[in-house]
Amino acid sequence: PTPLPLSSFTIGSICPRNFEAFVHELREYPSPRKEYVLAGIRDGFRVGFVPERVVLRPSLRSLTSASQHPDVIDKYLSTEVAQRRVAGPYPYPRPPLPSLKPVRLGLFRNVINLGSGASSLTFSSPQGASVNDGLPQDPFSMRYISVDDAIRSLVVIGPGALMAKFDVQAAYRNIPINVSDRHLLGMYWRDSFYVDLVLPVGLRSPQFLFDAVASVVHWILSTTTTFTRCSTTSMIF
């Protein structure tokens, strides 16, 4: 079948959300990141790429892990296309964007063992000419919540405290990317181009971007429910 044009993948169709509800719930949100997060929810998040930092070198070659397990890559792309999180396939030699910079496609070792079909895009390759080379490190540094942080929260709450852990399924894949950065998230597989439309694993900035969204959800839960205290999985360094 003919793939849908890239322009048909609007932010709302990729990640349906009630933007007005977010605006209402965050009307008293005290963080200076409020407008940044709302803009990202509405328009998709920028990944933080600074073009002046690097001259990108695109690649049409996949990693050995991908070529050794093509069935896993096929399953991953088929699933992501069906979920409207990846656009494609666009047959070679016509990429959906003239400026598309495909990155190398591979697999995590644990994914190969599980056969679950999650891929890794090598945003740090080639060294010195990669997408991650164009992302400054300091703005996206993170410190994850530790066991000591959880213990301190329990001490503050005192006897009778209850603990629970929530794991967001496909967490990063719920965060849409701004259309201005789609050219950075290209893939090439079986003589066709694909474009990632949501936050991928492998970039330098996903933890920061996801935490920005998780923090506002955390704040909404803290102010509209009976939770006494809750924490997101990570904190800004």
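**Exercise 1.** In this predicted model, work out in which sense S1 and strand S6 pair, and over how many bridges.

*Solution.* Start with the pair itself: S1 and S6 (residues 192-196) run antiparallel, joined over four bridges. To find your place, look for Ala87, which sits opposite Val195 in S6. Remember that strands of a sheet pair through backbone hydrogen bonds, either parallel or antiparallel.

**Exercise 2.** Which strands stand at the edges of the sheet, and what does that leave them without?

*Solution.* First write down the order: S1-S6-S5, an open sheet of three strands with antiparallel pairing. Now count partners. S1 (86-91) and S5 (186-189) have a single partner strand each, so one side of each lacks a neighbour in the sheet. Next, check the twist: neighbouring strands are turned by 25° against each other on average, direction ignored. Finally, add the helix: H5 (residues 70-82) packs on the sheet and touches S1, S5 and S6, its direction making about 135° with that of S5.

**Exercise 3.** What should the span of helix H8 be at 1.5 Å a residue?

*Solution.* H8 (residues 206-224) has 19 residues. The expected span is 1.5 Å times one less than the number of residues, so you get 27 Å. The end C-alpha atoms are 27 Å apart, which agrees.

**Exercise 4.** Which residues touch the most other members of the largest nonpolar core, and which element gives the largest share?

*Solution.* Of its 46 residues, pick out Phe49, Leu77 and Val131: they touch the most other members. Then go through the elements giving two or more residues, among them H3 (34-43), H5 and H8. H8 gives the largest share, nine residues. Buried residues in H8 include Phe208, Leu209 and Trp219.

Key: Residues numbered from 1 in each chain as written. Predicted model: local features only at pLDDT ≥ 70, side-chain atom pairs only at ≥ 80, totals over all residues. Heavy atoms only, no water. Pairing = 2+ DSSP bridges. Axes fitted to C-alpha atoms, helices over the stretch in contact; angles between N-to-C directions. Contact = heavy atoms within 4.5 Å. Buried < 20%, exposed > 50% of the residue type's maximum accessible area, 1.4 Å probe, protein only. Core = buried A, V, L, I, M, F, W, Y, C linked by side-chain atoms within 4.5 Å.
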